[in-house]
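Here are some friendly notes to read alongside the structure. Take them one at a time, and find each place in the viewer as you go.

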Amino acid sequence: MSDSEIDDDRSEIIAEFLSESEQYLQELNDNLLKAEEILKNDEEVSVDMINTMFRAAHTIKGTASFLDFSNISGLTHEMETILDRVRNSELVLTIDIIDVLFNAFDTLSSLLDRLKSDGTDEGDTTDVVTEIKAVLDGTSGKTDSAKTTSEEAGVSQEKITPPVEAATEVAAPSEDFLKYVGAYLDDTFQNIDRFNEVMIQLEENKVDPIEAVNELFRISHTIKGSSGIIKRNDIELVAHKMEDLLSKYREEKLVPESDIVSTLFIGIDWIKNSAAQIRETNYALLNNTDVIQKLQKCIDKLKLEKSTKSLNETTGDSVDVSQLFSDLPENLTALKENATKDGLNVFRVSYAVDANCVTKNIKANVCNEKLAMLGEIIHCKPDVELIDDNVETAVYVGVILTTSKLLKDIDIAISIDQIEVINIEKEEVSLVQEVAPTTKTANPTKTVKKEVAMKEKETPSTTKTAGVEVTTMRIDTRRLDSLMNLAGELVITRAKFAQLVSEVKHEVSQSKENVTRLSQVGGKIAELKMALRKNSSQSLGDENANANRLNKIFGLLESEMFNLSNKLSMKEVNTKLYSLDEATSALSKLSSDIQSGVMSTRMVPIEGVFTRFKRLVRDIAKELKKDINLEIYGEETELDKKIVDELGDPLTHMIRNSVDHGIETTEDRALTDKPAAGTVKLSASYEGNNICIQINDDGKGLDSNKLSEKALEKGILTQEKLDQMTEKEKFQIIFMPGFSTAAQITGISGRGVGMDVVRRTIEELNGTVEIDTELGRGTNFSIKIPLTLAIIQALLVVINNQVFAMPLECVSEIIKVEDDSIFSVEGNTTVKLRGHALSLVDLETILRMNTKSNENKNSRKIVVLTDGDETIGVEVDRLIGEDEIVIKSLPDHFSDVQGISGASILGDGSIALILDATSIIREAQQKVNVR
């Protein structure tokens, strides 16, 4: 089996593993939330709940172990151990243990996200595993003192397995395994030779450097994959480091410098030496620490250079980060060692104060105060007290900090306006040996990447090397059973069609033969008649009378044969055609059912997206010290899986917004006689031809005046523009890029990018976001997304010679009214319907049609449409009838057309526009009498 086939098979298995893990993660999250709530109410968590969580962790661990994902299997093993002790009454479940399990859950989610994005489970699990072990040892329910000796997450955690520090003896492989090792060695030595050849050509400029880097990358990737298969993790890790280093140059389309080339030669020589020992039947894992450190230093150096270059391009200044940490005091080493002994982390933090900042001294002091709150600053260069505000360039500051906090806490603390983080570097201080530092580089558009262990996904910035696309989804077996039954019926109908076609062909053939034979007989009769006629002209008397009688008989026979010929040629054919028509109708219905069934397999409940917000609200409320309840309705509402996936991010931003900005603190709610606990309601439902998702909170509501002031202050809008805006339009300000009402930037909000993302994403889905708010009472965000592809029952009508489709679920009834029953109320055309006034809409005006029907009519056909709340009447020229149609989305240049949600192709090939009742009603309410 080739390497590519092995990679393909492995990718399929990983994709299935990821798909299954989503369900188990959901079970873990839901049950942890329920368990926490139960413990808060001083109740006992059921054994069934513990068993469910245990099984979820155990299942993930088993599959991850099979696939050699050591980080995932190791972490789930520790989670499984805690849950096993709890269910065996060896450990009492507490809130602190729940928090530790939540931390483990977040890290596990991040590892699976990493696996999904680039095919590896790289990530630092040391902290959370240490926390779990502290719980198991009985030393603590939760600890922050657990420190890691591996790299901080957020920087590429290049760890398939830990580096091998000394030669390790392993058992000799089996005979079958040896056969595979032989093939591995043949391929590996060929790849090593090719790697050396390309490297030499690259040094001598005899090859296209871009193509050379791509080929070197592919060779490293191949060696890595095949080494992992034969369990040579020492070679696998070295090849993986080489692959990562080359991917940086591959991504930037750069040529490796001479020192990088030399390091790559060191790496490939190490691999060659290891492979040679395998060939000599020495199966011990070799020490790869030195070569790993050399490769990692090159990777860190390249990352830092990229970050510095990006910052230089942004600020126009020259940045040399190393100068910020030169000429360090002699006592600094001792301070760092003492901090390490006390279980603290040592970080190098470098940042820049923006050149346009007029209070550089104050900004730098504020930044250092934020850092000092996290630990102790043992070095700072330059002294921030001596920074001159009048300097026209950016000011760069280097700080060495000892702290019990993690990198993510530092990142959040110094996320300050006009402060640009250059890099955050964690030093690994050892009394025996210094370990190569792990560099945390800055992204010019976003300060520092978040840790892999964080719940939020890492921002992609590098070319992924072995991404796994999850192409599977879970489908209700009842739907598959239905499709299977339909497929069986389709086979039966197909057989019936084949039989009918065969019979029709036979009847047509027989009819042709009969017609031919009758034609021949008719010819003979005609000849006989001519002969008799000739004889009759020569005969007299009785013979003449006999001839006349014969002529009469032959005439009748000829007529009868002509009629028989017609009947024989049509009767049986018509019978078969009737049967064929019946079969066609059955096939039409069957194909429609199959199409509907296939589409339903893509429909998934929105519950998967909604339930994740329970944890989100819980965490944010805890951080903000607010008491908030999340209520979820309509989670069973089904949407296309792609739409569900797209809704995750915008809904996250909106939930964050409601919790952070909408709901007041407990103290503020008490002042307004509100319940201490705020409520956020999340619901989904079908509304007309749309999916409607609402986020409602009972918070302080939106103040249009404050929104206007903030927009004016930030320069987002001018006073002239604000004066022209209606109250409702002013609420839309929150969706503008860069707008935020937050007093300060936090890890939750304040950067002005969240709600802008919401509107952009919803618009890409051809949807809308509406705001309904009442100051002091709360805010309701309503997202409406039109169906982009679905089969629906519709009423087809003709208006001004154009066919329109009205979704049947929006049609209340059809009425016929006389002209004298139509009257005007405040300029609006109205008809009286069962004692109530029904407004009539001029659809030609709503849709901006160029012409109107001039037909004079004594009575009018009215289709009554409803969106669930309001009802209007639409006049139509003619009713075609009910039909099943497929909705197709309209091109972008139709986006400004109100009242149309899509189009459909009818059986005759013509196009019918699909009316959106909700949009038509909304437009009609904004217009004065249009008739």
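1. Start at the hairpin of β18 and β19, which has two residues between its strands. Arg834 takes a positive phi there, near 50 degrees. Most residues other than glycine have a negative phi. Please keep in mind throughout that you are looking at a predicted model.

2. Now look at the strands on either side of that turn. β18 (residues 828–833) and β19 (residues 836–841) are paired in the antiparallel sense, over four bridges. To see one such pairing, find Val831, which stands opposite Leu838 in β19.

3. A hairpin also joins β17 and β18, again with two residues between the strands. Which residue takes a positive phi in the hairpin of β17 and β18? Glu826 does, with a value near 55 degrees. β17 and β18 pair in the antiparallel sense over four bridges, and Ser824 stands opposite Thr829 in β18.

4. What is the order of the strands in the open sheet of six? Reading across, you meet β16, β20, β21, β19, β18 and β17, and the pairing is mixed. The edges are held by β16 (811–818) and β17 (822–825); each has a single partner strand, so one side of each has no neighbour in the sheet. Neighbouring strands are turned against each other by 40 degrees on average, direction ignored.

5. For a parallel pair in this sheet, follow β19 to β21 (residues 871–876): the two are linked over two bridges in the parallel sense. Leu840 has Gly873 of β21 as its bridge partner. As background, strands of a sheet pair through backbone hydrogen bonds, either parallel or antiparallel.

6. There is also an open sheet of four strands, in the order β2-β3-β1-β4, and here the pairing is antiparallel. β2 and β4 (419–427) are the edge strands, each with a single partner, so one side of each is left without a neighbour in the sheet. The twist from one strand to the next averages 25 degrees. β1 (residues 345–353) pairs with β4 over eight bridges, and one place to check this is Tyr351, whose bridge partner in β4 is Val421.

7. Which helix lies across β1, β2, β3 and β4? Helix α12 (residues 360–372) does, running at about 160 degrees to β1. While you are in this region, look at the loop between β2 (375–381) and β3 (395–403), where Pro382 has its place. A cis peptide bond joins Lys381 to Pro382, with omega about -5 degrees. Most peptide bonds are trans.

8. Next, turn to the helices. The axes of α2 (residues 47–66) and α3 are 8 Å apart, and the two helices pack at an angle of about 155 degrees. The helices are therefore roughly antiparallel to each other, and α2 passes α3 in a left-handed crossing. Residues making the contact include Ile50, Phe54, Ala57 and His58 of α2 and Ile72, Glu80, Leu83 and Arg87 of α3. By class, the contact has nine nonpolar, six polar and four charged residues.

9. The loop between α3 (70–87) and α4 holds Ser89. This serine is not a glycine, yet its phi is positive, at about 60 degrees.

10. After that loop, compare α4 (residues 95–118) with α5 (residues 126–137): their axes come within 10 Å and cross at roughly 155 degrees. That angle makes α4 roughly antiparallel to α5. The crossing is left-handed. On the α4 side the contact is made by Ile97, Val100, Asn103, Ala104 and Thr107, and on the α5 side by Val128, Glu131, Ile132 and Val135. Six of the contact residues are nonpolar, two are polar and one is charged.

11. Last, a word on confidence. The mean pLDDT of the chain is 75, and 74% of the residues reach 70 or more. Where does pLDDT stay under 50? One such stretch is residues 141–160, for which the model has 85 contacts beyond four places in sequence. Residues 743–748 also stay under 50, and for them the model has 13 such contacts beyond four places in sequence.

Definitions and conventions. Residues numbered from 1 in each chain as written. Predicted model: local features only at pLDDT ≥ 70, side-chain atom pairs only at ≥ 80, totals over all residues. Heavy atoms only, no water. Pairing = 2+ DSSP bridges. Axes fitted to C-alpha atoms, helices over the stretch in contact; angles between N-to-C directions. pLDDT = per-residue confidence, 0-100. Contact = heavy atoms within 4.5 Å. Parallel < 35°, antiparallel > 145°, perpendicular 65-115°, else oblique. Left-handed = near helix turned anticlockwise from the far one by under 90°. Nonpolar A, V, L, I, M, F, W, Y, C, P; charged D, E, K, R; others polar.
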